[in-house]
Amino acid sequence: MAAPVLAVEHVYKYFGDYPALRDVSFSLRGGECLALLGRNGAGKTTMLKILAGLSGAAQGEVKLFGASPRQPAARRRIGLLGHGIGVYDELTAIENLTIFAQLYGVSKSVAREWLERTHLAHVADSPVREFSRGMRQRLAVARAFLHSPAILILDEPFTALDDRAIALLQTLLSEAKAAGRTIIMSTHQLREAMELASHVALIERGKLVHFGPRTPEMLMDPGYVYRTFGAV
Amino acid sequence: MEKNIRIGIGALAGLLLLRNLYVILFNLPDEMAQGPIYRIFYYHLPAYFTAMCCYLTALAASVLYLTKRDLRYDALAMAATEVGLAFAAVNLITGMIWGRVIWGIWWAWDARLTWALICWLVYFGYLMLRQAIDDPSERAKNSAVLSIFSFVSVAITYKAIEWWRTQHPGPVLSFRTGKQLIDPEMERMLFTNFLALALLAFVMVTVRLRQEDIQRQIDGLRRRAHAL
Amino acid sequence: MIFLQVAAKDLRSELRTKESLNASLSFAVVILLLFSFAFDPSGEAVAEFSGGLLWLVFAFAGALILNRSFARELPNDCLEVLLASPVSGAQLFLGKSIASFLLLLGIELLCLPIFGIFYNITWTPKFLPLLGVFVLGTWGLTILGTLFSALTVNLSLRELMLPMLLYPMLIPALMAAMRLTTILLSGNDIGGDDLVWLRLLIGFDVVFTTLALALVETILVR
């Protein structure tokens, strides 16, 4: 059995005395896609930030490919799509992608390729400030995927995307899964997430109340998870 | 038990201060050139030492917080800095009063007074930063880093001001007896008063820590009540 | 050399919009103008406080540039994305410091002739040593300022807090830079007793650069 790509062991996180995460443990292998469910304030974003190395766990361990996400080697293999698009308004699309290509040690031609894949090649030299919302979202997706990350961390990726961007993202995520990459996404958009997910987790008030494979019931009725495993 | 120790030390500090005040006012001889006002130095200098001890405590507590991430160290760093600022203010004010009497002006850019003012502003910045951050862990972490910077800055500024003084000699707040040495009795009093002030500082820090502890408990209860 | 790429990105961003550059330069000129009313700008005494005046201008105008350093990463959550990338906190910090340093040095070199014209000061004779002092002093200003930019990035009163935290700690560097600049603008060389100011400035830069590089990661990770 292949070693887990991502291992979370007994993680606690406090903001002051407030426990944002309590004894969270789970692991994922390559090619698996986790849909992380939970109400607002449950701890999903906190967990994702710890996975991305933006935050430190107070207790417990997080390992990505056996290393801490604070290590640059691990971060090189992470693609992050958070709430903000993470690109600079005053720079052009190609300039933005080139910066991130450089930071991740990827060649500039790859940046160009991704502009084409996200149908932004025709505005490569325009500043992002002039883009429509859908275009900005597609650029964000390009930024997150361009270094072919082995682990994709997505915080509510389908929220506020237009249809074209949703379709693009779904395609890319399916490809990533097929290529053996690991995906974790927190989401409120249950339908799109359930289609892609191989595993489902529910966080409630900082505790992981369910973690397991996606079942047919979940696929047919996404609210099933909340009803079955969540507290009322 | 803890409360009794606090009261005990507080009483000891109080008694020592009263006894010292009596000795300072009635028993010790006058200094050569300055007349009776020099006696304020028995508070001016020990207050400075006490403030420095407090800042050193804050530095240690800050480093300990960053390594251990226990919020109690953060509370100690904050309490020590607050009390240090109080004693530093005493140092500044007694210095200004002294200067007013012997030089006729409230402020003379005396090297030590200037440094004391800079020091005070630097550590006041620490309190200002704390006030601006809501999340307790972020506040503790960032103010701990600032505390380390503050201490280093204060040390460098001390040296810098000393060099400034050698190039621009000016008035100095201090005293000497006839033979250019401090009379041993005066020296003893300086030390004894420092002891009294240090004990007082200790009590103030523990009181402040207790306040912080209660505040955190209240905050925790409040949060739990909201969650229900 | 990732930090150089970070520096290049910041410089490109700033030169594209020129927002803080323009604000900073205008502010500097306004201060130079205001100071001319504070005292007699034509008297002999101007040489005495030429260094002091210049560095006050640099410190005030510099705050605008330094504030922008980490604040420019806030729109679109760019800071989060940068921190999630393989760049270490220290590299990010160093890159930003270098960018701010170059921007601020540029402004200072523009202010110098303006200052020379307004206050009738010749600055050409000792230009190279003067440049050296500008470099050392600006580095001290930048390294502390960028650190405080990181420290205050998430605060609502950021524009107020950064100067309030920065200036008291900057005093030794300012003192030294002011003294050295005054000496050079009077046409003299730095020697003898005055070398202590050079040592102070270098020591300040070394100590705070080391401390900042060591602690910046702690500030940036939540």
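In this predicted model, chain C contains eight helices and zero strands, and its elements, followed from the N terminus on, run α-α-α-α-α-α-α-α. The C-alpha atoms of chain C fill a box of roughly 55 × 35 × 30 Å when the box is taken along the principal axes. A compact globule with 222 residues would have a radius of gyration near 17 Å, and the 18 Å of chain C therefore agrees with that expectation. Buried residues make up 50% of the 222 residues in this chain. Among the contacts in chain C with a separation of 6 or more, 86% are accounted for by residues that are 24 or more positions apart.

Chain C also touches chain A, with 21 residues of chain C in contact with 24 residues of chain A. On the side of chain C that touches chain A, the elements that give two or more residues are helix H1 (2–17) and helix H4 (78–84) of chain C, and the largest share, seven residues, comes from H1(C). By class, this side of chain C has nine nonpolar, six polar and six charged residues.

A contact is likewise found between chain A and chain B, and it takes six residues from chain A and seven residues from chain B. The side of chain A that touches chain B has, by class, four nonpolar, one polar and one charged residues.

Within chain A, strands are paired in several places. Strand S1 (residues 6–15) and strand S2 (residues 18–28) of chain A run antiparallel and are joined by seven bridges, and within this pairing A:Val11 has A:Val24 in S2(A) as its bridge partner. S1(A) and S2(A) form a hairpin with two residues between them, and A:Gly16, which lies in the turn, has a positive phi of about 70°.

Six strands of chain A form an open sheet in the order S5-S6-S7-S3-S8-S9, with mixed pairing. The edge strands of this sheet are strand S5 (78–81) and strand S9 (207–213) of chain A, each of which pairs on one side only. Neighbouring strands of the sheet are turned by 15° against each other on average, with direction ignored. Strand S3 (residues 33–37) and strand S8 (residues 199–204) of chain A run parallel and are joined by four bridges, and A:Leu37 stands opposite A:Leu202 in S8(A). Helix H1 (residues 44–51) of chain A lies across S3, strand S6 (151–155), strand S7 (182–186) and S8 of chain A, and this helix runs at about 150° to S7(A).

Terms used:
Residues are numbered from 1 along each chain as its sequence is written. Chains are lettered from A and ligands numbered from 1 in the order in which they are written. This is a predicted model: local features need pLDDT of at least 70, side-chain atom pairs count only at pLDDT 80 or more; totals for chains, interfaces and linings use all residues. Two residues are in contact if their C-beta atoms, placed from the backbone, lie within 7 Å. Ala, Val, Leu, Ile, Met, Phe, Trp, Tyr, Cys and Pro count as nonpolar, Asp, Glu, Lys and Arg as charged, and the others, Gly among them, as polar. The radius of gyration is taken over C-alpha atoms; the globule rule is 2.2 Å times the number of residues to the power 0.38. A residue is buried if 20 or more other C-beta atoms lie within 10 Å of its own, exposed if 12 or fewer, and partly exposed in between; C-beta atoms are placed from the backbone. Two strands pair if DSSP finds at least two bridges between them. Axes are lines fitted to C-alpha atoms, for helices over the stretch in contact, and angles run from 0 to 180 degrees between N-to-C directions.
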